[in-house]
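Here is a short report on a structure with several chains. Look at the whole picture before turning to the details.

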Amino acid sequence: MPLTNKVKIPIGPQHPALKEPENFTITLDGETVVDVDIRIGYVHRGIEKLMETRNYIQNLYLVERICGICSYTHTVNYVQNVEEILNLKIPPRAEYIRTLFLELERLHSHLLWVGVAGHEIGFDTLFMYTWQDREVVQDLLEMISGNRVNYAMNTIGGVRRDVSDEQRKKIMEAMDYLEKRAQYYKEVAVNEKTILVRSEGVGILKPQVALKLAAVGPTARASGINVDIRRDDPYASYAKTPFDVITTDTCDVFGRVVVRVLELFEIVKIIRHLMNNLPSGDIKIKAPRKVPEGEAISHTEAPRGEDLHYLHSNGTDKPDRYKVRTPTMANMPSVAEMLKGAYLADVPIIIAGIDPCMGCMDRVLVLKDEKDDSGQILDMENLRRYGIKWYEEKGWK
Amino acid sequence: MKTPGKMLPKIFGFIFRKPVTVLYPKERLSPPPGLRGKMKFHLDRCISCSLCAHDCPSGACTMHTIDGKLRPVFDLDFCTFCEQCAETCPKDAIEMTTEYELAHYKRGEAIVK
Amino acid sequence: MDLLLSLIYLLIFPGFLFILAFGLFAEYMDRKIYARIQRRVGPPLLQPLADVIKLSAKEDVTPEKADKFMFTTMPIITLAAVMASFLYIPIVASSALHNFEGDLIVVLYLLLIPTLALFLGGWYSGSVFGVKGGIRVATLLFSYEVPFSLALLAPALVAGTWNMAGIVTFQNGHLPALTITILGFIIAIISLQGKLERLPFDIPEAETEIVAGPLVEYSGRRLAFLRIARDAEMVVGAGLIVALFLGGPSPLFSITPVYLSWIVGAVIFLLKTLLIIFLLILMKSAVARIRVDQMVVVAYKWLIPLALLQMLIAILARSGGWLS
């Protein structure tokens with residue numbers, strides 16, 4: 001097999017480096033990546049279309065299941081869209097509880113990411129330790145909302161469950177424990193030589209390129225771009241909560257590690273402020289079932305970046321059109337740019353560096369023939385016939 | 001110069017300690033009181049308004065006429081345990097318990113009437 | 001009688017069966033301690049044996065594009081070379097059953113064959129990932145083989161003989177000589193970690209990058225051979241380091257009758273080898289995996305100069321007359 005020619009390797013749908021299936025076909029020259037071709041569409045579930053067939057209350061639970069790790073931000077966006085069209089103002093206690101859940105979700109998502117990044121570079125001990133600490137957060141979430149993932153806490157007009165005083169005490173104890181652990185991870189991440197050699201100088205994304213390709217979230221903040229929706233366009237109760245936005249300017253994977261680990265401290269600060277200043281009152285107000293005609297846009301800062309939802313309603317109790325643009329979709333062109341010129345051994349850590357959540361991002365991909373730009377879209381019946389014909393041609397029954 | 005192996009001191013302490021794995025089913029963690037498990041249906045409070053079936057996101061709650069009365073039947077194969085039926089019911093005829101060990105062998109085996 | 005003794009030596013103790021059992025036990029220790037460090041439970045005692053039995057029962061698939069002869073014989077050659085090299089390591093007494101001048105070099109040569117066989121097995125496996133893994137194995141060979149050999153030659157220089165039995169006897173006679181070769185001990189352990197392709201030098205088999213590298217197309221019985229060979233290589237390497245740096249399987253005092261001293265020697269050998277394996281496990285769990293070009297830098301910038309320094313110390317100690 002000739003070595004000096006370029007080789008195409010599929011970091012394919014099934015690969016231990018990817019937690020969710022997408023196809024990155026990389027062209028290699030020795031050990032350096034020269035070109036990359038991204039193909040998506042392996043986990044498309046058609047949620048946007050499904051939402052048009054269910055009423056607004058049923059859609060609350062469908063929107064949650066767009067993603068497993070950032071599920072609460074999708075619910076908050078949806079509910080904020082509907083409340084904007086209905087012109088509802090939710091009580092302040094509900095806002096604070098929503099913010100509490102948003103921050104708890106960001107906490108467990110960042111701990112998960114540190115573990116997954118450790119696993120990609122072969123550091124399984126860090127993976128096990130961070131996921132063990134993540135269990136503390138999951139226990140808190142289960143205690144308040146009744147479920148570890150897909151909490152179903154939001155409803156149109158507020159939240160569904162309340163936080164009692166005993167639960168508040170448990171949250172504060174957990175925050176003390178997690179702050180100590182975050183301190184330990186900060187020391188390990190910044191001072192461990194093998195992590196440094198694997199992540200410094202890897203996956204460079206210069207600030208002008210990041211702005212041109214519309215990178216969001218910690219990926220952009222590691223390149224020095226100071227953008228955070230929580231501070232720029234406050235929602236829930238972020239306007240009343242003081243916190244800092246963390247940026248570094250190293251532009252590489254190490255910067256992303258540092259941004260996420262330092263954000264852990266900010267989260268602890270925010271949650272302590274929320275729990276100390278929780279206002280009393282109702283947790284929800286009654287909302288009508290039919291939504292008048294109108295449209296609304298809402299965006300929030302998911303753990304991965306900016307998450308944008310658009311709703312168009314038409315006066316009935318089912319939405320007319322709902323569109324979701326998730327942060328991983330915005331970061332994909334940056335991945336294609338970062339992979340060029342990298343080593344093969346760095347491909348998993350670069351892809352994992354943007355914290356990919358392919359389930360959120362997926363779309364339908366139409367492959368066209370190169371020569372005559374024609375394509376074919378098969379529905380279920382034609383797909384069955386095509387499959388049977390293919391097997392018969394091969395001689396199998 | 002930084003040498004690798006920063007985690008070594010902490011690692012030593014863990015070698016002889018008990019692991020954190022919970023050996024299910026010999027040991028079980030106790031579920032918190034708010035856990036959304038299987039639902040319990042009080043037939044005497046139901047007024048057959050069908051709002052629960054209208055609001056169920058997955059179609060687990062369907063209305064059937066049994067013994068002359070229109071009442072909901074819950075199929076646990078479809079249920080997402082979201083508690084919306086309990087919230088929508090105007091007469092509090094549905095409540096969620098904390099029973100979570102609901103595995104069964106065939107479709108259609110787990111029905112709550 | 002001699003033939004019977006040789007047959008027992010070859011097949012049962014310390015031949016095929018013993019090294020198989022000890023290798024599987026070493027793999028169990030590896031996985032159990034690694035899991036306990038990560039606060040998990042880890043596998044039970046017979047798990048590696050169960051893995052080997054299960055793998056042997058599975059279907060043995062040869063890819064279409066692979067070269068059938070090379071693909072099949074490489075695992076067998078690997079296992080044969082590792083088993084053969086175990087014959088010359090002193091286990092019960094200062095010398096193995098047969099020893100001759102220069103058997104240290106023979107063992108080093110036999111330990112080189114598994115790496116080359118792995119490279120060829122990956123090359124001929126017909127998959128891009130296998131080829132990439134094979135190239136990485138060859139690059140790794142250039143990096144750790146030189147410091148490993150240099151560090152292992154230092155005790156030979158101190159003792160003044162190439163015969164392993166002679167080295168062990170010399171070290172038992174002059175215990176302070178063990179302190180001269182401490183630097184070589186450290187370098188030998190680090191290079192052994194590279195030779196066995198364990199973290200942080202896990203590069204050819206990097207699971208998240210190239211999906212098991214040269215092993216990617218192997219399944220069934222051939223994969224079982226490769227796994228047994230890997231475990232046996234760990235035991236052989238550890239045994240070699242025990243014989244050369246830690247004084248071999250001899251107790252500090254002499255015991256008669258001869259049979260009792262053999263049993264005590266075997267127990268001491270087991271304990272010392274397990275200590276070395278424990279050090280290897282600690283190294284495995286505290287660090288991440290480094291890239292292949294960084295591995296070459298580490299080897300040529302740090303390991304080889306230190307190994308040369310160790311040889312210099314050994315030569316000075318020998319000729320300076322500090323040893324009798």
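The radius of gyration used here is taken over C-alpha atoms, and the globule rule is 2.2 Å times the number of residues to the power 0.38. The model is predicted. Keep both points in mind for chain B.

**Chain B: overall form**

A compact globule of 113 residues would have a radius of gyration near 13 Å, whereas chain B has 23 Å. Its C-alpha trace spans about 80 × 30 × 25 Å along the principal axes. Of the 113 residues in chain B, 19% are buried. Chain B holds 3 helices and 5 strands. Along the sequence they follow the pattern α-β-α-β-β-α-β-β. Take the contacts in chain B with a separation of 6 or more: 65% of them join residues 24 or more positions apart.

**Chain A and its neighbours**

Chain A touches both chain B and chain C. In the first contact, 19 residues of chain A meet 17 residues of chain B. The elements of chain A that give two or more residues to this side are α2 (56–64), α5 (124–145), α6 (165–191) and α7 (193–199). The second contact takes 24 residues from chain A and 23 residues from chain C. Here β1 (7–11), α4 (92–120), α5, α7 and α13 (347–353) of chain A each supply at least two residues. The table sorts the chain A residues by class.

| Side of chain A | Nonpolar | Polar | Charged |
|---|---|---|---|
| touching chain B | 6 residues | 7 residues | 6 residues |
| touching chain C | 15 residues | 6 residues | 3 residues |

**Sheets and a hairpin in chain A**

Strands of a sheet pair through backbone hydrogen bonds, either parallel or antiparallel. In chain A, 3 strands form an open sheet in the order β1-β2-β3, and the pairing is antiparallel. β1 and β3 (32–39) of chain A stand at the edges with a single partner strand each, so one side of each has no neighbour in the sheet. On average, neighbouring strands of this sheet are turned by 25° against each other, direction ignored.

β1(A) pairs with strand β2 (residues 23–29) of chain A over 5 bridges. Within that pair, A:K8 has A:T27 in β2(A) as its bridge partner. Helix α12 (residues 327–339) of chain A packs on the sheet and touches β2 and β3 of chain A. The direction of α12 makes about 160° with that of β3(A).

Further along, strand β6 (residues 294–302) and strand β7 (residues 305–313) of chain A pair in the antiparallel sense over 9 bridges. β6(A) and β7(A) form a hairpin with 2 residues between them. A:E295 stands opposite A:H312 in β7(A).

**Backbone exceptions**

Most residues other than glycine have a negative phi, and most peptide bonds are trans. Which residues break the pattern here?

A:N87 is not a glycine, yet has a positive phi of about 65°. A:N87 is found in the loop between α3 (71–86) and α4 of chain A. Is A:N87 buried or exposed? A:N87 counts as exposed, because it has 8 C-beta neighbours inside 10 Å, and the cut-off for exposed is 12 or fewer.

A:A152 also is not a glycine and has a positive phi of about 55°. A:A152 lies in the loop between α5 and β4 (154–155) of chain A. With 24 C-beta neighbours inside 10 Å, A:A152 counts as buried.

Two peptide bonds are cis. The bond from B:Y24 to B:P25 has omega near 0° and is cis. B:P25 sits in the loop between α1 (8–14) and β1 (39–41) of chain B. The bond from C:L199 to C:P200 is cis too, with omega near -5°. C:P200 lies in the loop between α8 (182–195) and α9 (207–210) of chain C.

Key:
Residues numbered from 1 in each chain as written. Chains lettered and ligands numbered in written order. Predicted model: local features only at pLDDT ≥ 70, side-chain atom pairs only at ≥ 80, totals over all residues. Contact = placed C-beta atoms within 7 Å. Helix = DSSP H or I, 4+ residues; strand = E, 2+ residues; numbered from the N terminus. Nonpolar A, V, L, I, M, F, W, Y, C, P; charged D, E, K, R; others polar. Pairing = 2+ DSSP bridges. Buried ≥ 20, exposed ≤ 12 C-beta atoms within 10 Å, placed from the backbone. Axes fitted to C-alpha atoms, helices over the stretch in contact; angles between N-to-C directions.
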